[in-house]
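Reader: I have a structure in front of me and would like to learn how to read its features one by one. Could we go through them slowly, with the general idea before the particular case?

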Amino acid sequence: MVPERVSLITFGARDLPLLRAFYQKLGWRETEISSDSYCVFKTAGVLLSLFPYEELVKDIGIEAPSNPAKVFRGVTYAINLDRREDVDKTIESIRESGALILREPSDAFWGGRTSYFADPEYNIWEVAWNPSAEFDERGAMVNF
């Protein structure tokens with residue numbers, strides 16, 4: 001049986017200082033294990049790590065593509081918020097941090113409010129409010 005748990009998400013960073021600076025501009029705090037060549041940010045749920053892309057490719061044991069492009073990889077990450085109006089406020093802060101806004105805040109067909117942005121290396125994030133979402137005391141979403 002595999003535990004139903006996501007503990008850590010790692011982004012292979014092609015430009016670690018740039019990506020680190022972006023998440024620092026969002027106000028995210030690094031853990032004490034961060035170093036010049038690797039960093040880990042605390043979130044309400046999982047930890048987010050940034051690790052040099054070439055080192056991650058070597059660790060996995062695969063070949064890096066010869067021409068990595070900014071394409072949608074079929075994966076999004078989400079920041080779920082407590083209130084509808086928080087989506088718009090949060091996207092403005094993210095815009096000021098240098099993100100590419102892919103979808104401006106708008107009401108969603110499923111009854112919430114949503115927006116999408118890409119970080120400097122095109123990791124795509126959703127910022128959303130879901131009227132039925134439930135969060136624990138740390139802010140991690142436990143139900144929606």
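Author: Let us start with a hairpin in this predicted model. Between β6 and β7 there are 5 residues, and among them attention goes to the backbone of Y122, which takes a positive phi near 65°.

Reader: How many bridges join the two strands of that hairpin, and which residue stands opposite Y116 in β7?

Author: The strands β6 and β7 run antiparallel and are joined by 6 bridges, and the residue in β7 that stands opposite Y116 is E126.

Reader: What is the order of the strands in the sheet to which this hairpin belongs?

Author: The sheet is an open one of 4 strands, ordered β4-β7-β6-β5, and its pairing is mixed. At its edges stand β4 and β5 (100-107), each with a single partner strand, so that one side of each has no neighbour in the sheet. Averaged over the sheet and with direction ignored, neighbouring strands are turned by 15° against each other.

Reader: In which sense do the edge strands pair with their partners, parallel or antiparallel?

Author: The two edges have to be taken one at a time. β5 pairs with β6 (residues 113-118) in the antiparallel sense over 5 bridges, and here R103 stands opposite Y116. β4 pairs with β7 in the parallel sense, also over 5 bridges, with N80 opposite A128.

Reader: How should I read burial along a strand, and which residues of β7 lie on each side?

Author: The general idea is that in a regular strand the side chains alternate between the two faces of the sheet. In β7, I124, E126 and A128 lie on one side and W125, V127 and W129 on the other, and all of these are buried, which leaves both faces covered. Since 6 of the 6 residues of β7 are buried, the strand is largely enclosed by the rest of the structure.

Reader: Which residues are buried in helix α3, and how do I read their positions?

Author: An α-helix has 3.6 residues a turn, so residues three or four places apart point the same way. In α3 (residues 84-96), the buried residues are D86, V87, I91 and I94. Viewed down the axis of α3, these buried residues fall within an arc of 130°, so they line one face of the helix. K89 and E96, on the other side of α3, are exposed.

Reader: Against which elements do the buried residues of α3 pack, and what follows the helix?

Author: The buried residues of α3 pack against α1, β4, β5, β6 and β7. After α3 comes G98, which has a positive phi near 100°.

Reader: How many aromatic pairs are there in the whole structure, and how is the geometry of one such pair read?

Author: A search of the whole structure finds 12 aromatic pairs. For W28 and W125 the ring centres are 5.6 Å apart and the planes stand at 85°, so this pair is edge-to-face, the angle being over 60 degrees. The pair links distant parts of the chain, 97 residues apart, with W28 in the loop between α1 (16-25) and β2 (39-41) and W125 in β7 (residues 124-129). W125 has a relative accessibility of 6% and so counts as buried.

Reader: With which other ring does W125 form a tilted pair?

Author: The tilted partner is Y77, with 5.4 Å from centre to centre and 45° between the planes. Y77 lies in strand β4 (residues 77-81), 48 residues from W125 along the chain, and is buried, with a relative accessible area of 18%. Both rings belong to one aromatic cluster, which is formed by F11, F22, Y23, W28, F41, Y77, F117 and W125.

Reader: What is the strand order in the other sheet, and which helix packs on that sheet?

Author: 3 strands form an open sheet with mixed pairing, in the order β1-β3-β2. The edge strands, β1 (8-13) and β2, each pair on one side only, and the twist averages 25° from one strand to the next. β1 and β3 (residues 47-52) run parallel and are joined by 6 bridges, with P52 in β3 as the bridge partner of A13. α1 packs on the sheet, where it touches β1, β2 and β3, and its direction makes about 160° with that of β3. Helix α2 (residues 53-60) lies across β1 and β3, running at about 95° to β3.

Technical notes:
Residues numbered from 1 in each chain as written. Predicted model: local features only at pLDDT ≥ 70, side-chain atom pairs only at ≥ 80, totals over all residues. Heavy atoms only, no water. Phe/Tyr/Trp six-rings, centres within 6.5 Å; stacked < 30°, edge-to-face > 60°. Buried < 20%, exposed > 50% of the residue type's maximum accessible area, 1.4 Å probe, protein only. Pairing = 2+ DSSP bridges. Axes fitted to C-alpha atoms, helices over the stretch in contact; angles between N-to-C directions. Arc of directions from axis to C-beta. Contact = heavy atoms within 4.5 Å.
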